[in-house]
Amino acid sequence: MTEIIVVTSGKGGVGKTTSSASIAVGLAKHGKKVAVIDFDVGLRNLDLIMGCERRVVYDFVNVIHGECTLKQALIKDKRYETLFVLAASQTRDKDALTKEGVERVLEEFKTEAFDFVVCDSPAGIEKGAFLAMYFADRAIVVVNPEVSSVRDSDRILGLLSSKTRRAELGEGKVQEHLLLTRYNPARVQNGDMMSLADVQEILGINVLGVIPESEGVLAASNSGVPVILDEGSNAGLAYEDAVARLLGQERPMRFMDAPKKGLMSRLFGG
Amino acid sequence: MGIFDFLRARPKNTASVAKERLRIIVAQERGARGAPDYLPLLRREILEVIKKYVNVDPDAVLINVERDGDHEVLELSVALPEKGHEITPPPASNS
């Protein structure tokens, strides 16, 4: 069975594409057959984060319009052979994606026996974001511990429970997961950042993972290697845990405490 | 905490402020979710009509849609001011 996962948030810049890339790679590392689709028509970026930007020939809109086959448009990952990327189109035509078109492509992933299709949603609540979530079985809501991100996420949760195929056909709820990113335990301890418990209490959904703020994330996007492949970074390890939880494994939360301060910084603050 | 911390202005705990603000706005927005789009306009017009007769506060009109089984109930509540605060209709004499 093919499971369709949307990675969404409402607000931009919270880490949707970074998370989509790492989760897709993580699932492929577990031997799953995975496709990751960029729904951000006009602002293609997933290809850069995945490091395959120079191999994009055809894109999602080409497939929908029948200008190429799905096989031709899928970019096979160089690291994992069960991982494929479908790039967004750079067209400025807002109506390039249609509900029927997206449905047809997703059906084809099912006949090709993919285990997971990860849909990287654009920011906002416009058509692209709507179509990214419409066919989802699960939703990973990416949230920063910050007021506007939490509020927008709550809006998205409202849409997930009303504007999805599952909601419309009464096929049960889209399973919702919270992925808290850019988490800074030291600032949480100081009381200037909301904690995981705070965000969870407001949004009321179960936690898939907490990704600590990390220099590794920028380094990873600079080099086009999803951060989950950087085993030296806490963010990468936290994504590994999140993927394991997605597959039903139990993993304790890591990187939730601030690093211990040395004597000098204790004396002088910092 | 450093021994020289007292020299610095201690910022207040902004995370708890954030959480409190979110708790309120999110609850309010959840309440409005799924309600028809014309409700704010309906509320404004009703308020204008009421204001012709009584001097009510803009917050005195509450409109709610509640789901009861498979039908919806539109609930309208107007808090009228105490006696003596009514607007006297224009043609009437002062008293």
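**Close-up views of the predicted complex of chains A and B**

**View 1. A:Arg182 sits in strand β7 of chain A, which covers residues 175-183.** In this predicted model, the backbone of A:Arg182 has a phi near 55°, a positive value in a residue other than glycine.

**View 2. A:Ala113 lies in the loop of chain A that runs between α5 (99-111) and β5 (116-120).** Although A:Ala113 is not a glycine, its phi is positive, at about 60°.

**View 3. Helix α1 (residues 16-29) and helix α12 (residues 234-246) of chain A pack at an angle of about 65°, and their axes are 9 Å apart.** The crossing that α1(A) and α12(A) form is right-handed. On the α1(A) side the contact involves A:Thr18, A:Ser19, A:Ser22, A:Ile23, A:Gly26, A:Leu27 and A:Lys29, which meet A:Tyr239, A:Glu240, A:Val243 and A:Leu246 of α12(A). Sorted by class, the residues of this contact between α1(A) and α12(A) comprise five nonpolar, four polar and two charged.

**View 4. Helix α7 of chain A crosses helix α10 (residues 196-203) of chain A at roughly 35°, the axes coming within 10 Å.** The crossing in which α7(A) passes α10(A) is right-handed. From α7(A), the residues A:Val150, A:Ser153, A:Asp154 and A:Leu157 meet A:Val199, A:Ile202 and A:Leu203 of α10(A). The contact of α7(A) with α10(A) has five nonpolar residues, one polar residue and one charged residue.

**View 5. Across the two chains, helix α7 (residues 147-160) of chain A packs with helix α1 (residues 14-32) of chain B at an angle of about 25°, their axes lying 10 Å apart.** Because angles under 35 degrees count as roughly parallel, α7(A) is described as roughly parallel to α1(B). The crossing of α7(A) and α1(B) is right-handed. In α7(A) the residues A:Val147, A:Val150, A:Arg151 and A:Asp154 take part, and they meet B:Ala18, B:Leu22, B:Ile25, B:Val26, B:Glu29 and B:Arg30 in α1(B). By class, this contact of α7(A) with α1(B) has six nonpolar and four charged residues, with no polar residue. Among the residues of α7(A), A:Val150 and A:Asp154 appear in this contact with α1(B) and also in the contact with α10(A) shown in View 4.

**View 6. Chain A, which contains the helix pairs of Views 3 and 4, has 13 helices and eight strands.** Its radius of gyration is 18 Å, close to the 18 Å that the globule rule gives for 270 residues, so chain A is as compact as a globular protein of that length. Taken along the principal axes, the C-alpha atoms of chain A fill a box of roughly 65 × 40 × 35 Å.

**View 7. The confidence of the prediction is given here for chain B, whose mean pLDDT is 76, with 74% of its residues reaching 70 or more.** Among the elements of chain B, α1(B), the helix that packs with α7(A) in View 5, has the highest mean pLDDT, at 91, whereas strand β1 (residues 61-68) of chain B has the lowest, at 76. Where pLDDT is low, the predicted coordinates should not be read in detail. For the complex, the predictor gives an ipTM of 0.86 and a pTM of 0.83.

Terms used. Residues are numbered from 1 along each chain as its sequence is written. Chains are lettered from A and ligands numbered from 1 in the order in which they are written. This is a predicted model: local features need pLDDT of at least 70, side-chain atom pairs count only at pLDDT 80 or more; totals for chains, interfaces and linings use all residues. Side-chain values use heavy atoms; hydrogens and water are left out. Axes are lines fitted to C-alpha atoms, for helices over the stretch in contact, and angles run from 0 to 180 degrees between N-to-C directions. Angles under 35 degrees count as roughly parallel, over 145 as roughly antiparallel, 65 to 115 as roughly perpendicular and the rest as oblique. A crossing is left-handed if the near helix is turned anticlockwise from the far one by less than a right angle, and right-handed if clockwise. Contact means heavy atoms within 4.5 Å. Ala, Val, Leu, Ile, Met, Phe, Trp, Tyr, Cys and Pro count as nonpolar, Asp, Glu, Lys and Arg as charged, and the others, Gly among them, as polar. pLDDT is the predictor's confidence in each residue, from 0 to 100. The radius of gyration is taken over C-alpha atoms; the globule rule is 2.2 Å times the number of residues to the power 0.38.
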